[in-house]
Amino acid sequence: MAGEKVMKNITGVYGRLFDHRSVIGGECKYFLREFEGKRKDREVERLTETQQKLHQIEDVIPKSIDQAVLLEDLKEKLKTARQSCHNILVKEEEDTHQKRREKIKEEARKDWENFQQEMIEEEEKIKKEFETEAQKLREKYGITETKKEH
C-alpha cells in the first residue's frame, strides 16, 4: 500500500511538472476567445458592408439590363444611320463625278465649236485677202473678169 501511495504521489508530481495539456488547452481556449472576439467585430462590419453593396448591386442590375437593351437598340439605329450616310456620300460622289464629266464634255464641246468658228473666220479672212490680192494683180496686169468665169 505504501508503494501505491508513493506511486500516486509520483504520478501526481509527474503530472503537475511534465503534463502541460490542461494548461495548454486553457491557453488555447483563451486565445481563441480573444481572437474570435476581436475578429468578430471586424467580420460583422465587413459582412454588413458586403450586404449593403449587394443590395445596391441588386438595385442597379435591372436598370443596367434595361440600359443594355436600349444601348443595343441605339447601336442598331446608329448602324443604320451610318449606312444611310455612307450611301448618300457614295451617291454624291458619283453625282460629283458625273457632273464633272458632263462639265468637261460641255467645255470640250464649246472649245470645239469655238475652234470651228475660228477656222471659218480664218478661212473667210484668207479668202478676202486672196480676193484682194487677186484683184490687185488683175488690175496690175489688166486681166479681165471674163477669164475668171471660164
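A residue counts as buried when its relative accessible area is under 20%, as exposed when that area is over 50%, and as partly exposed in between. Keep those cut-offs in mind as we walk through this predicted model.

Let's start with helix 1, which covers residues 2-18. Its 17 residues reach 24 Å from the first C-alpha to the last, close to the 24 Å expected at 1.5 Å a residue. How many of the 17 residues of helix 1 are buried? The number is zero, so helix 1 lies largely in the open.

Before going further, it helps to ask how far the model can be trusted. The mean pLDDT of the protein is 84, and 95% of its residues reach 70 or more. Where is confidence lowest, and where is it highest? The lowest mean, 51, belongs to helix 3 (residues 146-149), while helix 2 has the highest, at 87. Where pLDDT is low, the predicted coordinates should not be read in detail. With that in mind, let's turn to helix 2.

Helix 2 runs through residues 21-141. To get a feeling for distances, pick out Glu-72, which has its place in helix 2. Glu-72 has a relative accessibility of 40%, so it counts as partly exposed. Now look for Gly-3, which is 69 residues away from Glu-72 along the chain. The C-alpha atoms of Glu-72 and Gly-3 are separated by 94 Å.

Next, look for a nonpolar patch on the surface. Which residues form this patch? They are Leu-54, Ile-57, Ile-61, Ile-65 and Val-69, and together they have about 450 Å² of accessible area. One of them, Ile-57, is in helix 2. Because its relative accessibility is 45%, Ile-57 counts as partly exposed.

Charged side chains come next. Side chains of opposite charge can pair when their charged atoms come close. How many salt bridges does a search of the whole structure find? The search finds four. In one salt bridge, the side chains of Glu-106 and Arg-109 meet at 2.1 Å, N to O. Arg-109 also forms a salt bridge with Glu-113, and here the closest N and O atoms are 2.5 Å apart. In this way Glu-106, Arg-109 and Glu-113 are linked in a network of salt bridges.

The spacing along the chain is worth a look. Glu-106 and Arg-109 both lie in helix 2, three residues apart, and Arg-109 and Glu-113, also both in helix 2, are four residues apart. Each of these steps is about one turn of the helix. An α-helix has 3.6 residues a turn, so residues three or four places apart point the same way.

How open is this network? Glu-106 is partly exposed, since its relative accessibility is 32%. Arg-109 is partly exposed as well, at 39%, and so is Glu-113, at 40%.

Another salt bridge joins Glu-123 and Lys-127, with the closest N and O atoms 3.8 Å apart. Both residues lie in helix 2, four residues apart, about one turn of the helix. Is Lys-127 exposed or buried? Lys-127 is exposed, because its relative accessible area is 53%. Its partner Glu-123 is partly exposed, with a relative accessible area of 43%.

Finally, consider the cysteines. A disulfide is a covalent bond between the sulfur atoms of two cysteines. How many disulfides does a search of the whole structure find? The result is zero. Cys-28 has a relative accessible area of 42%, so it is partly exposed. Cys-85 counts as partly exposed too, at 46% relative accessibility.

Note on methods
Residues are numbered from 1 along each chain as its sequence is written. This is a predicted model: local features need pLDDT of at least 70, side-chain atom pairs count only at pLDDT 80 or more; totals for chains, interfaces and linings use all residues. Side-chain values use heavy atoms; hydrogens and water are left out. Helices (H or I, at least four residues) and strands (E, at least two) are DSSP runs, numbered from the N terminus. The expected span of a helix is 1.5 Å times one less than its number of residues. Buried means under 20% relative accessible area, exposed over 50%, partly exposed in between (1.4 Å probe, protein chains only). Patches are made of residues with over 30% relative accessible area and no salt bridge: like charges are joined within 9 Å, nonpolar side chains (Val, Leu, Ile, Met, Phe, Trp, Tyr) within 5 Å. Accessible areas come from the Shrake-Rupley method with a 1.4 Å probe; for residues, only the protein chains shown count as cover. A disulfide is a pair of cysteine sulfur atoms within 2.5 Å. pLDDT is the predictor's confidence in each residue, from 0 to 100.
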